[in-house]
Every structure is written in structure tokens, then in C-alpha cells.
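I opened my notebook to look up two things: how the strands pair, and how the metal is held. My entries follow.

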Amino acid sequence: MMKDIIIMAIESSCDETSCSIIRNGLKIESNIVASQIKSHKRFGGVVPEVAARHHVEAITYVVDQALNETGLSLEDIDAFSATTGPGLVGSLLVGVNAAKTLSMTYNKPFISTHHIAGHIYANKFLTEFKFPLLTLVVSGGHTELVVMKDELDFEVIGETLDDAVGEAYDKVARVLDLPYPGGPHIDRLAKEGEPTYSLPKLMDDDSLYFSFSGIKSAVINLVHNETQRGNEIRKADLACSFQERAVELLVRKTKMAVRKYGITQVLVAGGVAANSRLRAKIVEDLNNIEVVLPPLSLCTDNAAMIGACSYQQFVSEDFATMEEKVRPNIDL
Ligand code: KG4
Ligand code: ZN
């Protein structure tokens, strides 16, 4: 029998410090996420310097916790991996240096993993990949359609021309005085409302591009104008109106890509994959194809998803050296 492959993965690209231990690419032995959301709330967004400092404070804790939960020790780990990009440079450095140091100390390979590849590979815990597959990547920094014809083979076939969808959620939430990050609050509020505000249909063309800056501005202007007229904003209705437009665009373009590329399986990935309306509508509208939705804990940033991707890289012997740098703006 082959020996189990045990990978320790670290994710620190934005505002969560996370460490996970994955057995054979499929079993999550532990997945510790230390969130900084509380500290960034009062600023209404992530402050890079604050984030980096929090990562420094949390990194040892998440590594220790990840080991404690499994009863494994550092000697049992076969490879150490970290997100090297994209993300905030100071934040990335903390996780990457931790993983590199461990790999050097224990003389095991270091694996450099792309954050978005990690989001996509979160779906590995749920299903076998069936190629060609399409992933709708929807996070705070990215909105992309990615085709894979094989493991670790990514082709971006469509993306946003301006804001990411999560960013639009967060900005709209801010205008509605909802706490950061706003996505989950809009999601919750929208359930109590009706799409009664008229907002423009988005990107009504046959490209595979997205755009969210127009609707963000439309919401901001609407709130501004109504407030000036002394009218009360029906927040739940506005949240619902915005969400209907945003989700409609995401699902429509995904459907177009499925047809164009003869896709057999659709994955959804990234923080906004936690959105209840998107989850319901994509399954409903793509009813003749397998749609895979990660559980909420694997949608937002976590190290288990990085571990799933790193395992595939381990199998492909895609190892990095100690010279590996962080890449804050790297494409998939
Ligand atoms: O993937 P993620 O955790 O971090 C990035 O890599 O960006 O995504 C965070 C984004 C935030 O914009 C947050 O508001 C959004 O995901 N989000 C949601 C929901 N949960 C998180 N957006 C809409 N509905 C949700 N339920
Ligand atoms: Zn992310």
C-alpha cells in the first residue's frame, strides 16, 4: 500500500490567517481559520498594514492548532504549501515565509499555490473533476470564468472589466450602512425584500465579460437622490433589486460559456459562491448540467482549498524553490 501524502497548507492573502492539513488531497484533517474581520470592520474594509500585523500574530497559532487537531507532528508532513498570490503583499509574505521556513527546517518540498486555483480546487472535496469543466469564480477581488481541460490547466475565458462582484456587494452594502464585509448582509436582507427598484440590466451583450461598476454607481445615485428628496430607502428592496441584477448577469454569462465550450461540469468558487440567491439560480437555470457548490466554509478564504490544489501540484511534482517570491498581482 502507498504511504499517505500529508500536506500542510497556509493561506494569508487577505484578511484570514489559515492553516490546514490535508491527507491524500481529499481528507481535511484540520482547517483552522483565524478571521480578522472584527479589526477591519471599524475601517469598513481591509487595511493592508493592519492585516499583515494580524497575520504575524496569528500564524503560529493556526499552525499549532492545525497540528493539535490531528495529533500529527511537523515530521509527519510531506510538503508545505502557501498562497503566493494574488493578494496583499505584506499578508502574503507572512504565510509564504512560514511555509518556506517549515519546508527548509524539515527538509520537505515547498509548493507555491495560486489563490484562485485554490478556490477552484475547494470543489475537489466534493466531486471528481470532469473535463472540460467551467468554474465561475466570484470573490472579493475576482470575477472570472475559467475553463479547465485537465488538472492545473486554467484558461480564463471571461472576466470583469471593472469591479469584482464581491467588491460591488461590499460597496452597495456600505451605502446601505451595513457592516463589512457586506455580501452576507445584502444576501440576508434581500430575502426580506422584493426587486421593486428599477436598476439597469448588466452587460446585455454576447461577450463573456462582466461589469459591476455601473450598477454600483446606479445604487449610489439612487440612494443619494432619494435621500435628497427626503424619501426613505427601502433597504431590503434595494438589496434585492441589486442582487437580482448581479446574480442574473453571473448566471447568464456562465450559461453562455457552457454552450460555447461544450462544458460537462460547472463549479462555483470564491466568497460570493456562499450567496444563497446565486446558489439557487445557477442550479435552476443550468438544469441540464452538473453544478457543484462548495459548502459555505469552503467558499470564503481558507487553507484547505489551497491544500487541495497543492496536493495536485505535489502529484505533478510542481515544487518551488526557496527563491520563490510573492506575486500580489499574478494571473491564473
Ligand atoms: O473569496 P473571499 O473570501 O475573499 C477574496 O478572495 O476576495 O471573498 C470575499 C467576498 C466579500 O466581498 C464578501 O462580501 C463576499 O465574498 N461574500 C458574499 C457572501 N459571503 C461572502 N457575497 C454575497 N453573498 C454572500 N452570502
Ligand atoms: Zn479568496
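Before reading any spacing, I fixed the term: donors are N, O and S atoms within 2.8 Å of the metal, and water is not among the atoms, so sites may look incomplete. I also kept in mind that this is a predicted model.

**Entry: the zinc ion**

I looked up the protein donors of the zinc ion (ligand 2). I found H115 through NE2, H119 through NE2 and D301 through OD. They lie 2.0 to 2.1 Å from the ion. I then wrote down the sequence spacing of these donor residues: H-x3-H-x181-D.

Next I checked the two histidines. Helix α4, residues 115-121, holds both H115 and H119. They are four residues apart, about one turn of the helix. Are they buried or exposed? I noted H115 as buried, and H119 as well.

**Entry: strands β1 to β3**

I started with β1, residues 6-11. It runs antiparallel to β2, and six bridges join the two. I picked out one pair: M8 is opposite I21 of β2. A hairpin of four residues connects β1 to β2.

Then I followed β2 onward to β3, residues 27-35. This pairing is antiparallel too, with eight bridges. Here I noted S20, whose bridge partner in β3 is N31. β2 and β3 also form a hairpin, with three residues between them. In that turn I looked at N24 and read a positive phi of about 55°.

Last, I looked up how covered β2 is. Of the eight residues in 16-23, seven are buried.

Notes
Residues are numbered from 1 along each chain as its sequence is written. Chains are lettered from A and ligands numbered from 1 in the order in which they are written. This is a predicted model: local features need pLDDT of at least 70, side-chain atom pairs count only at pLDDT 80 or more; totals for chains, interfaces and linings use all residues. Side-chain values use heavy atoms; hydrogens and water are left out. Buried means under 20% relative accessible area, exposed over 50%, partly exposed in between (1.4 Å probe, protein chains only). Two strands pair if DSSP finds at least two bridges between them. Donors are N, O and S atoms within 2.8 Å of the metal (3.2 Å for Na, K and Ca); water is not among the atoms, so sites may look incomplete.
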